[in-house]
Amino acid sequence: MKDNVAEEHLYLAFSHQYRDSIFPLHTSISLFLLSYCDCKLFKVFLVPTGEDVGDQCVTKNLAGDLEVHLISRCQLPVVVQSCSLPAVVVKDDKFCRAGLSVVLRHIIQKTFEADPSKKDVLELLGFKKTCLKACAEVSQWTRLCEISIPLAVERFLTASPEHCQAIPPDILLLERKLGEPVRVHNDDKIRRQKLQQQKAGAKAAVPVLGEEATEELKPEAHEHSPSSLELSVAFSKLLAQEAPDANREAPHIRRTKTSDLPLLDHVFAEGLYFTVADLVLLPCIHQFLVSSKKQGKNLINLPLISSWYRRVQEVPGVKKAADKCNMELLQLPELVSAPEEQLQDSASVPDELEEDHEDSHFIGGPRPTMTKLMENGIEAKFSPHPCPSWTLDWTSLPSAVSPGEGKMSRDRALRKQQQLNNLVAAVTKLAKPGDLIVDFCSGGGHVGIVLAYMMPSCQVVLIENKELSLIRAKDRSDELGLNNIWFIQANLDYFNGTFNIGVALHACGVATDMVIEHCLRARAAFVISPCCYGFIQNTVKFKYPRSHQFKEILSYKEHMILCRFADQTAVQLPPERRQIGKQCMGLVDLDRAWAAEEHNYSVQVISMEPESCSPKNNMFVGIPT
């Protein structure tokens, strides 16, 4: 194990204890992962959400074998006070990681870095280390695991008996997802083996749990022996064995088209392999099942969740971690599925939990939609640029301030400088000493670092979900010796601090609307350049069009036509097509501007100068009135 690892502080919210868990469930999940990884790298603090919380409220056995400390919200590092918990920060540093998925992934990575022999821990991040990496704002799966299931279980546990008769819709959605076919990288070989088994009439999988199986697995091996090829593959990986290999495929199996091969079944939450998603769901589903059992509920409508719950207990290390956290895992019986019609009646999922399946492949151009708007007196409007010739003297600035330090080509670095001229000019006109400026979706810090360097009397916060981009930004900041800058690796929803000005350069798709929403909530001015209009679509939080004026005229589908064609501005396209794309950009952004004005803002949509600095050259400047 590596020595001299910098101490990091992990801050977890604490509202109350209930049975064998600490709430909110995000805290129990974090503690469970620490126990599973046997990780002692973090100094753990519980942050009470109420006033009357004393040391006696936290029993040692609920925190496993970890030493935990109580700390009030006002004692948190200032950068952490702006974030939802859980959060991790290096002691006395300005780099914070916030939000459940970001924190859990960090715990896993630090555990492996400190002890590279723990390869099973690193495998929790899944294929290409992407498990729960996508933001909850854009990934239905991350949202279900990170937000929806924990909240649904917490509401279920606190509901009065007459209000918790039905199974929560999000639990039903998980049940349905466990029944969907599994797609894994390079699964062709496994599917051909499955077909060969089926052709041979094989009902049982190749035995997996051999003599090398851990002692922990042996008691379960007899009762719940894996009974499918998928189980064999999954548990072979867990036990660091070679995956079971079938005999050479018969010629007719090799000739079978991929589209005709049998689909794979779920073994764990994300598919075949055990990941951090299973460790997120286990404390939540455990509490739900315990409560359901006490209420005498019949779990016949949840056969897949019940099977998954039993199977997760067979994973090496899970029972040990549960024992550390005083979780008394249930021994559920095998469930016989309910009749098909009964499952359909009980497992209905509300529309708002469904993915948006509206056809995004629209036929036809934008002209009918644009004409419809023109007939109602609506056209793209661009305000004059307040300072079109303003520019930073880039040659006099340290190299670490320049976007060229972000490892991009000379031409691209020049265009990035031109884009920054526009944003910095607008922010300079708005900012005053002592202001807190937030660079949302900051990437490598091109905007935030320039602002922090040029405005030493202002505090600048960079918020970005991608860890490597934010680390590059911090390296540049350290080189410049900036002391008025903080870094937060988090999804936008986990930042809840107050600020004066919000900035975003090329916030992708719906992210632009998320940044605007944050600024409206904080009554902050904003300077935002949108991007990736084609990725705009209805989400749980945002519906399009945004403004009352556009809603009265356009349907969602018509608005999406504008969004798709707003992306048709690349320099390689014919001029006429680019012009239509620019008009569509203007209309989409006019809808956004009007929506913000409904919240008592004055908003201008401006074209950046020169327009050649980017195909996505629109810029909002919004000021609360």
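How many salt bridges does a search of the whole structure find? The search finds 17. The structure is a predicted model, and the salt bridges are best read against its sheet, helices and cores.

The sheet comes first. It is open and holds 12 strands, with mixed pairing. Strands of a sheet pair through backbone hydrogen bonds, either parallel or antiparallel. The strand order is S5-S4-S1-S6-S7-S10-S9-S8-S11-S12-S14-S13. Strand S5 (68–70) and strand S13 (601–607) stand at the edges. Each has a single partner strand, so one side of each is left without a neighbour in the sheet. From one strand to the next, the twist averages 20°.

One pairing shows the detail. Strand S9 (residues 459–464) runs parallel to strand S10 (residues 485–489), and 5 bridges join the two. Within this pair, Val461 has Trp486 of S10 as its bridge partner. Two helices lie against this region. Helix H18 (residues 467–480) packs on the sheet and touches strand S7 (95–98), S9 and S10. The direction of H18 makes about 170° with that of S10. Helix H17 (residues 446–454) lies across strand S8 (436–440), S9, S10 and strand S11 (501–508). H17 runs at about 170° to S9.

Next come the nonpolar cores. In soluble globular proteins, nonpolar side chains tend to be buried together. The largest nonpolar core in this model has 76 residues. Helix H11 (residues 276–294) supplies the largest share of this core, 11 residues. Leu124 and Ile285 have the most contacts inside the core. Leaving aside residues up to four places away in sequence, Leu124 touches Leu33, Tyr36, Cys37, Ile108, Cys131, Phe274, Thr275, Val276 and Leu279. A second core, separate from this one, has 66 residues. Met370, Leu436, Ile488 and Ile516 are among them.

Ile516 also belongs to helix H19, where it is one of the buried residues. H19 (residues 510–522) has 13 residues, which should span 18 Å at 1.5 Å a residue. The end C-alpha atoms are 19 Å apart, which agrees. H19 is mostly covered, with 10 of its 13 residues buried. The buried residues include Val510, Met514, Val515 and Leu520. Polar residues such as Thr512, Asp513 and His518 are on the buried list too. The buried residues of H19 pack against S8, S11, S12, helix H22 (575–597), S13 and strand S14 (618–624). Just after H19, Arg523 takes a positive phi of about 55°.

Individual salt bridges can now be placed. Which residue forms a salt bridge with Lys110? The partner is Glu8, and the closest N and O atoms are 3.6 Å apart. Lys110 lies in helix H3 (residues 100–114), while Glu8 lies in strand S1 (residues 8–14). The pair therefore ties together parts that are 102 residues apart in sequence. Lys110 has 18% relative accessibility, so it counts as buried. Glu8, at 4%, counts as buried as well.

Another salt bridge sits within a helix. Lys474 pairs with Asp478, with the closest N and O atoms 3.1 Å apart. The two are 4 residues apart in helix H18, so about one helical turn separates them. Lys474 is buried, with a relative accessible area of 15%. Asp478 counts as partly exposed, at 45% relative accessibility.

Loops take part too. The side chains of Asp493 and Lys541 meet in a salt bridge, at 3.0 Å from N to O. Asp493 lies in the loop between S10 and S11. Lys541 lies in the loop between strand S12 (525–531) and helix H20 (548–551). This pair therefore ties together parts that are 48 residues apart in sequence. Asp493 is partly exposed, with a relative accessible area of 30%. Lys541 is also partly exposed, at 39% relative accessibility. A network of salt bridges links Asp493, Glu517, Arg521 and Lys541.

One cysteine completes the account. Is Cys74 buried or exposed? Cys74 counts as exposed, at 66% relative accessibility. The residue is found in the loop between S5 and helix H2 (78–81). Cys74 and Val47 are 27 residues apart along the chain, and 9.6 Å separates their C-alpha atoms.

Definitions and conventions
Residues numbered from 1 in each chain as written. Predicted model: local features only at pLDDT ≥ 70, side-chain atom pairs only at ≥ 80, totals over all residues. Heavy atoms only, no water. Pairing = 2+ DSSP bridges. Axes fitted to C-alpha atoms, helices over the stretch in contact; angles between N-to-C directions. Contact = heavy atoms within 4.5 Å. Core = buried A, V, L, I, M, F, W, Y, C linked by side-chain atoms within 4.5 Å. Buried < 20%, exposed > 50% of the residue type's maximum accessible area, 1.4 Å probe, protein only. Salt bridge = Lys/Arg side-chain N within 4 Å of Asp/Glu carboxyl O. Expected span 1.5 Å × (residues − 1).
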